[in-house]
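Open the model in your viewer and keep the sequence panel in sight. This tour tells you what to select next and what is there.

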Amino acid sequence: SAVSYLLTYKTSVQQEAAMGGLNLNGSSNQTAELFFGTCSKNDCRTHIGVHDAKLEISYTLKSGKKYLRKYKIIF
């Protein structure tokens, strides 16, 4: 019924993160685009030296059962 995600990664300067969620409402075919960078007022800057990226996805089935999946992203 719902999916949430947390993306964490390190740059040469600091730790970064992005998080969000999707409410499926009967549709299981949705996507979310994640950007390794920062945007402000239509000015986007890509982070350089990205490493140690991890993605956590949690989801809840209609039955109420919750799951958490963790992935390490290799560049």
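**Whole chain**

Start with a cartoon of the protein chain, and keep in mind that this is a predicted model. Follow the chain along its sequence and the pattern reads β-β-β-β-β-β. The count comes to 6 strands and 0 helices. The radius of gyration is 14 Å, well over the 11 Å that the globule rule gives for 75 residues, so the chain is more spread out than a compact globule.

Now turn the C-alpha trace along its principal axes. The trace spans about 45 × 30 × 15 Å.

Switch on the surface. The accessible area of the protein chain is about 6000 Å². Carbon and sulfur atoms account for 52% of that area. How many of the 75 residues count as buried, as a percentage? The figure is 16%.

Colour the charged side chains next. You should find 10 positive and 5 negative ones. The centres of the two sets lie 11 Å apart.

One value to hold while you look at the fold concerns contacts between residues at least 6 apart in sequence. Of these contacts, 44% join residues at least 24 apart.

**Stop 1: the disulfide**

Select Cys-39 and Cys-44 and show them as sticks. A disulfide joins these two residues, with 2.0 Å from S to S. The structure holds 1 disulfide. A disulfide is a covalent bond between the sulfur atoms of two cysteines.

Look along the S-S bond. The angle about the bond is 115 degrees, and the link of Cys-39 and Cys-44 is right-handed.

Are the two cysteines buried, or partly exposed? Cys-39 has a relative accessible area of 46%, so Cys-39 is partly exposed. Cys-44 comes to 45% and also counts as partly exposed.

**Stop 2: the loop between β3 and β4**

Select Lys-41. Lys-41 sits in the loop that runs between β3 (37-40) and β4 (43-46). Check the backbone here: phi of Lys-41 is near 50 degrees, a positive value in a residue other than glycine. The relative accessible area of Lys-41 is 83%, so this residue is exposed.

Add Asn-42. Asn-42 is in the loop between β3 and β4 too. Asn-42 is exposed, at 81% relative accessible area.

Now draw a distance from the C-alpha of Asn-42 to that of Phe-75. The viewer should give 27 Å, for residues 33 apart along the chain.

**Stop 3: Thr-11**

Select Thr-11. Where does Thr-11 lie? Thr-11 belongs to the loop between β1 (2-10) and β2 (15-23). Its relative accessibility is 11%, so Thr-11 counts as buried.

Show what surrounds Thr-11. Leave aside neighbours within four places in sequence, and the contacts of Thr-11 are Glu-16, His-47, Ile-48, Gly-49 and His-51.

**Stop 4: strand β5**

Select residues 51-60, which make up strand β5. Asp-52 is in this strand. Phi of Asp-52 is near 50 degrees, again a positive value in a residue other than glycine. Asp-52 has a relative accessible area of 38%, so Asp-52 is partly exposed.

Move along β5 to Ile-57, which is also in this strand. At 25% relative accessible area, Ile-57 is partly exposed.

Which residues does Ile-57 touch, not counting those up to four places away in sequence? One set is Val-3, Ser-4 and Tyr-5, and the others are Tyr-67, Leu-68, Arg-69 and Tyr-71.

Draw the distance from Ile-57 to Arg-69. The two are 5.2 Å apart, C-alpha to C-alpha, and 12 residues apart in sequence.

**Stop 5: strand β6**

Select residues 66-73, strand β6, and pick out Tyr-67 there. Tyr-67 counts as partly exposed, with a relative accessibility of 26%.

Show the contacts of Tyr-67, leaving aside neighbours within four places in sequence. They are Ile-57, Ser-58, Tyr-59 and Leu-61. Ile-57 is the residue from the previous stop, where Tyr-67 was among its contacts.

Finish with one more distance. The C-alpha atoms of Tyr-67 and Leu-55 are separated by 14 Å, and these residues are 12 apart along the chain. Set that beside Ile-57 and Arg-69, also 12 residues apart in sequence, with 5.2 Å between their C-alpha atoms.

Definitions and conventions
Residues are numbered from 1 along each chain as its sequence is written. This is a predicted model: local features need pLDDT of at least 70, side-chain atom pairs count only at pLDDT 80 or more; totals for chains, interfaces and linings use all residues. Side-chain values use heavy atoms; hydrogens and water are left out. Helices (H or I, at least four residues) and strands (E, at least two) are DSSP runs, numbered from the N terminus. The radius of gyration is taken over C-alpha atoms; the globule rule is 2.2 Å times the number of residues to the power 0.38. Buried means under 20% relative accessible area, exposed over 50%, partly exposed in between (1.4 Å probe, protein chains only). Contact means heavy atoms within 4.5 Å. Accessible areas come from the Shrake-Rupley method with a 1.4 Å probe; for residues, only the protein chains shown count as cover. Lys and Arg count as positive and Asp and Glu as negative; His and the chain ends are not counted. The place of a charge is taken as NZ of Lys, CZ of Arg, CG of Asp or CD of Glu. A disulfide is a pair of cysteine sulfur atoms within 2.5 Å.
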